[in-house]
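The following exercises introduce a structure to a reader who has not met it before. Each task is followed by a solution in steps.

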Amino acid sequence: MKRAFLFIPVILAVVLGVVLFAGIGKDPNKLESALIGKPVPEFQLSDLHDEGRQLDRELFKGRVSLLNVWGTWCPACRDEHDDLVWLAEEKGIRIVGLNYKDNRDDALVWLDRLGDPYQVSIYDPRGRLGFDLGVYGAPETYVIDAEGIVRHRHVGVVNEKVWEQDIEPLVQRYREKI
Amino acid sequence: MVRSVLIALLLVAYGPLLTAEPSDVYSFDNESEEQRFHNLISELRCPKCQNQNIADSNAPISKDMREEAYQMMSTGASDDEVVNAMVARFGEFVRYKPQVESRTLLLWATPVIVVLIGLLIVASIVIRARRNNDSDSGLTNDERERASRILSGDGSERSS
């Protein structure tokens with residue numbers, strides 16, 4: 001009986017080891033979005049290309065889209081831009097851009113110079129929609145299904161690897177549901 | 001000496017910078033509202049930073065959250081309403097005090113469980129020690145009497 005007690009520290013150490021090991025490699029900066037399974041928040045914002053045109057969340061209805069949050073002030077957005085253009089042109093993905101806390105002129109120059117992967121661009125200079133979406137660091141990319149429900153959020157750069165591993169399977173799945 | 005004077009001067013010069021509050025200024029009707037606001041923003045965690053509340057953080061997102069908390073408060077929202085609005089956007093992560101629910105039950109119960117285990121261990125040690133004192137010394141009654149005679153210094157023991 002007494003001998004059995006001697007094993008308690010070993011067992012405790014093993015349990016602690018397993019718990020800590022499970023945490024290795026997890027990025028603590030990545031948070032699960034609170035909006036998964038919920039509709040895109042309501043908004044009334046103007047089109048980046050056309051100040052007079054008002055956009056709302058109806059624009060997500062009918063097709064699976066990616067919603068990409070970006071700004072010209074965000075260096076990582078520059079990194080992923082070519083991949084977004086590739087997705088839009090080669091893969092035919094519908095990408096909705098959310099120009100977040102930015103300046104219209106700068107954003108238009110950026111799109112002019114680097115190519116415009118966005119079928120629709122929402123202009124959100126004060127970050128209202130971004131705040132309601134729970135954006136905490138651009139770039140962020142959301143998978144929105146054809147009913148306008150948020151299905152996935154990716155924080156950080158979207159590149160070919162992220163697309164193939166995380167995003168493409170979801171886009172395929174929700175496309176089949178239409 | 002010169003150096004310490006310089007350091008002191010630097011501290012005086014930069015002191016206000018080191019303790020700078022977030023630059024936005026909010027006005028309140030009374031002190032208790034202000035206190036409420038400060039309690040509220042120190043209970044909310046900045047989603048961008050790993051371990052800072054939105055009162056201390058200067059991340060843009062914290063500024064937005066303070067602003068939103070202030071706006072909600074000024075339209076009469078209760079503390080819970082403000083916190084729930086933030087949780088709805090940013091997730092449970094922003095709560096420094098997680099709610100008691102089935103998922104967090106173990107988290108809340110762990111301190112109690114650990115204290116109980118500690119009490120059990122202490123109790124078992126004490127009980128065992130008592131039992132040993134009473135009977136488990138491995139001596140018969142005769143031997144015990146002999147031992148007490150020896151301890152009390154009775155010389156007759158030596159002859160027997």
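**Exercise 1. Determine how the last two strands of chain A are joined.**

Solution. The structure is a predicted model. Begin with a single pair: A:Glu140 has A:Val155, in β7(A), as its bridge partner. Next, take A:Ile144, which stands opposite A:Val150 of β7(A). In total, five bridges connect β6(A) with β7(A), and the two strands run antiparallel. Finally, consider the turn: the two strands form a hairpin with five residues between them. Within that turn, A:Gly148 has a positive phi of about 80°.

**Exercise 2. Place this hairpin in the sheet of chain A.**

Solution. First, write down the order of the strands. The sheet is open, has seven strands with mixed pairing, and is ordered β2-β1-β5-β4-β3-β6-β7 in chain A. Then look at the two ends of this order: β2 (54–55) and β7 of chain A are the edge strands, and each has a single partner strand, so one side of each lacks a neighbour in the sheet.

**Exercise 3. Describe helix α6 of chain A and its surroundings.**

Solution. Start with the position of the helix: α6(A) lies across β6 and β7 of chain A and runs at about 170° to β7(A). Then follow its course. Helix α6 covers residues 160–176 of chain A and has a kink of about 50° at A:Ile167, shortly before the proline A:Pro169. Next, identify the buried positions of α6(A), which include A:Trp163, A:Ile167, A:Val171 and A:Tyr174. A:Ile167 therefore appears twice, as the site of the kink and as a buried residue, where buried means that 20 or more other C-beta atoms lie within 10 Å of its own. Last, ask what covers the buried residues of α6(A): the cover includes α3 (75–90), β6 (140–144) and β7 (150–155) of chain A.

**Exercise 4. Characterise chain A as a whole.**

Solution. Count the elements: chain A holds six helices and seven strands. Along the sequence they follow the pattern α-α-β-β-β-α-β-α-β-α-β-β-α. The radius of gyration of chain A is 21 Å, well over the 16 Å given by the globule rule for 178 residues, so the chain is more spread out than a compact globule. Along the principal axes, its C-alpha atoms fill a box of roughly 80 × 35 × 30 Å. As for burial, 34% of the 178 residues of chain A count as buried. Among the contacts in chain A between residues at least 6 apart in sequence, 72% join residues at least 24 apart.

**Exercise 5. Explain why A:Ala34 counts as buried, and name its contacts.**

Solution. Locate the residue first: A:Ala34 is in the loop between α2 (8–23) and β1 (45–47) of chain A. A:Ala34 has 21 C-beta neighbours inside 10 Å and therefore counts as buried. Beyond its neighbours within four places in sequence, A:Ala34 is in contact with A:Gly134 and, in chain B, with B:Val87, B:Ala88, B:Arg89, B:Phe90 and B:Gly91. A:Ala34 also lies 9.6 Å from A:Arg153, C-alpha to C-alpha, although the two are 119 residues apart in sequence.

**Exercise 6. Analyse the contact between the two chains.**

Solution. Twelve residues of chain B and eleven residues of chain A take part. On the side of chain B that touches chain A, the elements giving two or more residues are α3 (60–74) and α4 (79–90) of chain B. The largest share, four residues, comes from α4(B). By class, this side of chain B has six nonpolar, two polar and four charged residues.

Technical notes:
Residues are numbered from 1 along each chain as its sequence is written. Chains are lettered from A and ligands numbered from 1 in the order in which they are written. This is a predicted model: local features need pLDDT of at least 70, side-chain atom pairs count only at pLDDT 80 or more; totals for chains, interfaces and linings use all residues. Two residues are in contact if their C-beta atoms, placed from the backbone, lie within 7 Å. Ala, Val, Leu, Ile, Met, Phe, Trp, Tyr, Cys and Pro count as nonpolar, Asp, Glu, Lys and Arg as charged, and the others, Gly among them, as polar. The bend at a residue is the angle between axes fitted to the seven residues ending there and the seven starting there. A residue is buried if 20 or more other C-beta atoms lie within 10 Å of its own, exposed if 12 or fewer, and partly exposed in between; C-beta atoms are placed from the backbone. Two strands pair if DSSP finds at least two bridges between them. The radius of gyration is taken over C-alpha atoms; the globule rule is 2.2 Å times the number of residues to the power 0.38. Axes are lines fitted to C-alpha atoms, for helices over the stretch in contact, and angles run from 0 to 180 degrees between N-to-C directions.
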